[in-house]
Amino acid sequence: MKADVAIIGAGPAGLLLGHLLRAEGLIVKIVERASADHVVGRIRAGVLEHTTTDLLARLGLDGRLKTEGLLHSGFVLADGEQIVRIDLADLTGHHVTVYGQTEMTCDLMEAAPARGLEIFYEAENVVLADIESETPCVRFTKDGRDHYLEARFIVGCDGFHGPSRQAIPANQGGIYEKVYPFGWLGILADVPPCHDELIYASHERGFALASMRSATRSRYYIQVASDETLDDWSDGRLWDELAVRLGPEVGGRITRGVALEKSIAPLRSFVFEPMRHGSLFLAGDSAHIVPPTGAKGLNLAASDVAYLSEALSLFFKRGDQEGIIAYSGRALARVWKAERFSWQLTHLLHRFPGQTGFDRKMQVAELRYIAGSRNAQASIAENYVGLLL
Ligand code: RFL
Ligand code: PHB
């Protein structure tokens, strides 16, 4: 098989890039290891920046997003005693949209056949070859048959554990990484949210987040130690802990329910540079990971593919190499700013092992400073709604 661009991975990065390139008339094929059901069943992100929703609108794929997405004009930071509302709309003129990653993935997936975006699900033994040449290829097995996909470029949208980043020789890239000594335990339940905006709480016992998917579906998280497992957290214990960490007033408004999903995600900051090697580009989680505190991961995947689709389109239309040469630097400039924001918010809101009384006082003092300073709030707000593309 031949394509202009072969994409590895049909998560949000791969699907969005596929649609953006199809809209420019390029021939694109996506190779995905998992089944379509598995991809759409993964419960992850919930908050979309306006730059991400703008991309979906540009593609005309925002029909359901417009009707079912929840526009949020602010969110709340809490320190166990006081709360501060970050008024995004007033401070930046922008909103964010609460719309599940599963919903966005589903919309992109369903629109693929009609737009000529071919996706090979359940592809096994995916291997990248000849990435330093102008005829790179992706080999894989599907239904017991070997396939060979030749393209002008390959884009690795295969997440943190995928083969694309690994295909780059170790001496051709640098890794910058910080692994946090805790994870997030998440629960999804069909109960009304405890508040109409997200609440990020920095409690002495650790971080908690009250989020949502709709007026009838809630998503909550708590910080747990790295060595804790789901067996340590019965639903009852988790609901009790949420009520404590979110404080008496909000905690009292939590409606408990059966867990539709419960999982633990480790927290990590990670960047691989550069995001291109020869004819291979990286986009999304394959190149970088942020801790979910700033709600930036999916949005960074979207901005990467916005830059890359522009660059590839210029290359195929006019033979212009400038965009593809500039891609890595352009994407990384935005990535590092989001890394900083996510890292800073993670430090402000989580309890670290060995944290002293002084360290805790500093967290609370910073939250109080934010509460009293419009400038500090504006800085958080402009990062949260998303820096301009
Ligand atoms: P994905 O979604 O991991 O997709 C990668 C795809 O590649 C496939 N793959 C392969 N395909 C072929 N061959 C192979 N050998 C392959 N190996 C892997 C996988 O099956 C998969 O389909 O990466 P992508 O597309 O870059 O998207 C990134 C986002 O998924 C991620 O950044 C966000 O979910 C992060 N995130 C959040 N981001 C936000 O912007 N806002 C949020 O509110 C937010 N909340 C979160 C989050 C991530 C979380 N977890 C679980 C880490 C909350 C959580 C709890
Ligand atoms: C979510 O609803 O899953 C969510 C919201 C905000 C975050 C992270 C996750 O910062």
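**Strand pairing and overall form of the predicted model**

Strand 12, formed by residues 174–189, pairs with strand 15, formed by residues 218–225, in the antiparallel sense over eight bridges. Within this pairing, glycine 186 of the protein stands opposite tyrosine 221, a residue of strand 15. The structure described here is a predicted model. In general, the strands of a sheet pair through backbone hydrogen bonds, in either a parallel or an antiparallel arrangement.

Strands 12 and 15 belong to an open sheet of eight strands, in which the order is 6-5-13-14-15-12-16-19 and the pairing is mixed. At the edges of this sheet are strand 6 (83–86) and strand 19 (288–289), each of which pairs on one side only.

Another open sheet contains three strands in the order 3-7-4, and its pairing is antiparallel. Its edges are occupied by strand 3 (47–48) and strand 4 (70–72); each has a single partner strand, so one side of each is left without a neighbour in the sheet. Strand 4 is joined to strand 7 (residues 96–98) by antiparallel pairing over three bridges. Here histidine 72 stands opposite valine 96, which lies in strand 7.

The protein as a whole has 13 helices and 19 strands. Its radius of gyration is 21 Å, close to the 21 Å that the globule rule gives for 389 residues, and the protein is therefore as compact as a globular protein of that length. Along the principal axes, the C-alpha trace spans about 60 × 40 × 40 Å.

Of the 389 residues, 55% count as buried. Among contacts in the protein with a separation of 6 or more, 72% are accounted for by residues 24 or more positions apart. The exposed surface of the protein amounts to about 16,500 Å², of which carbon and sulfur atoms supply 51%. As regards charge, there are 40 positive and 49 negative side chains, and the centres of these two sets lie 2 Å apart.

Among the helices, helix 11 comprises residues 322–349 and includes glutamine 344. The relative accessible area of glutamine 344 is 33%; because this value lies between the limits of 20% for buried and 50% for exposed residues, glutamine 344 is classed as partly exposed. Glutamine 344 and threonine 293 are separated by 51 residues in sequence, while the distance between them in space is 9.2 Å, C-alpha to C-alpha.

Notes:
Residues are numbered from 1 along each chain as its sequence is written. Chains are lettered from A and ligands numbered from 1 in the order in which they are written. This is a predicted model: local features need pLDDT of at least 70, side-chain atom pairs count only at pLDDT 80 or more; totals for chains, interfaces and linings use all residues. Side-chain values use heavy atoms; hydrogens and water are left out. Helices (H or I, at least four residues) and strands (E, at least two) are DSSP runs, numbered from the N terminus. The radius of gyration is taken over C-alpha atoms; the globule rule is 2.2 Å times the number of residues to the power 0.38. Buried means under 20% relative accessible area, exposed over 50%, partly exposed in between (1.4 Å probe, protein chains only). Contact means heavy atoms within 4.5 Å. Accessible areas come from the Shrake-Rupley method with a 1.4 Å probe; for residues, only the protein chains shown count as cover. Lys and Arg count as positive and Asp and Glu as negative; His and the chain ends are not counted. The place of a charge is taken as NZ of Lys, CZ of Arg, CG of Asp or CD of Glu. Two strands pair if DSSP finds at least two bridges between them.
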